[in-house]
Amino acid sequence: MTDRDPFAEGERAARESIPAEANPYSDGSDEHALWAAGHEKVAGATEARGSEGPRGS
């Protein structure tokens with residue numbers, strides 16, 4: 001395998017609006033977990049920015 005970085009690939013996928021379900025690695029593998037973590041890092045940050053704003057009660 002070449003110098004693939006599953007974490008960076010997951011981050012890139014989230015930036016490109018590729019859903020987490022598109023994780024190309026085998027479920028349960030270290031690469032799958034790294035890809036998911038990278039995706040969640042970016043997707044979570046994007047979601048947090050989208051939810052900022054005035055809070056009503």
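A36 lies in helix α2, where helices (H or I, at least four residues) and strands (E, at least two) are DSSP runs, numbered from the N terminus. At 34% relative accessibility, A36 counts as partly exposed, a label that covers everything between buried (under 20% relative accessible area) and exposed (over 50%), worked out with a 1.4 Å probe and protein chains only. A36 and G10 sit 26 residues apart in sequence, yet their C-alpha atoms are 6.1 Å apart in space. The model here is a predicted one: local features need pLDDT of at least 70, side-chain atom pairs count only at pLDDT 80 or more, and totals for chains, interfaces and linings use all residues. Residues are numbered from 1 along each chain as its sequence is written, and side-chain values use heavy atoms, with hydrogens and water left out.

Stepping back to the whole chain, there are two helices and zero strands. Of the 57 residues in the chain, 23% are buried. The accessible surface adds up to about 4,400 Å², and carbon and sulfur atoms own 49% of that; accessible areas come from the Shrake-Rupley method with a 1.4 Å probe, and for residues only the protein chains shown count as cover. As for contacts (heavy atoms within 4.5 Å), take those with a separation of 6 or more: residues 24 or more positions apart account for 54% of them.

Now for helix α1. Its buried residues are P6, E9, G10, E11, A13 and A14. At the start of α1, a side-chain oxygen of D5 reaches to within 3.1 Å of the backbone nitrogen of F7. That pair is a polar contact, meaning N or O atoms within 3.5 Å; within protein, one must be able to donate a hydrogen and the other to accept it, and residues adjacent in sequence count only if both atoms are side-chain atoms.

P6 belongs to helix α1 and is buried, with a relative accessible area of 9%. Leaving out residues up to four places away in sequence, P6 touches Y25, E31, L34 and W35. The C-alpha atoms of P6 and P24 are separated by 9.4 Å, with their positions 18 residues apart along the chain.

Further along α1 comes E11, which is buried as well, at 13% relative accessibility. Setting aside neighbours within four places in sequence, E11 is in contact with G38, H39, K41 and V42. V42 has its place in helix α2 and is buried, with a relative accessible area of 13%. Under that same exclusion of neighbours within four places, V42 is in contact with E11, A14 and R15. G10 turns up again here: V42 and G10 are 32 residues apart in sequence, and 8.4 Å apart from C-alpha to C-alpha.

On to the charged pairs. Side chains of opposite charge can pair when their charged atoms come close. A salt bridge here is a side-chain nitrogen of Lys or Arg within 4 Å of a carboxyl oxygen of Asp or Glu, and by this rule the count comes to three. In one of them, K41 meets E11, with 3.1 Å from N to O. K41 lies in helix α2 (residues 30–51) and E11 in helix α1 (residues 6–15), so this pair ties together parts that are 30 residues apart in sequence.

Another salt bridge joins the side chains of E9 and R4, at 3.1 Å from N to O. E9 is buried, with a relative accessible area of 12%, whereas R4 is partly exposed at 43%. There is also a salt bridge between E16 and R12, whose closest N and O atoms are 3.8 Å apart. Both ends of that one are partly exposed, E16 with a relative accessible area of 48% and R12 at 42%.

Last comes the backbone just after α1, where S17 takes a positive phi of about 60°. Most residues other than glycine have a negative phi, and most peptide bonds are trans. S17 has its positive value although it is not a glycine. S17 is placed in the loop between α1 and α2, and at 64% relative accessibility it counts as exposed.
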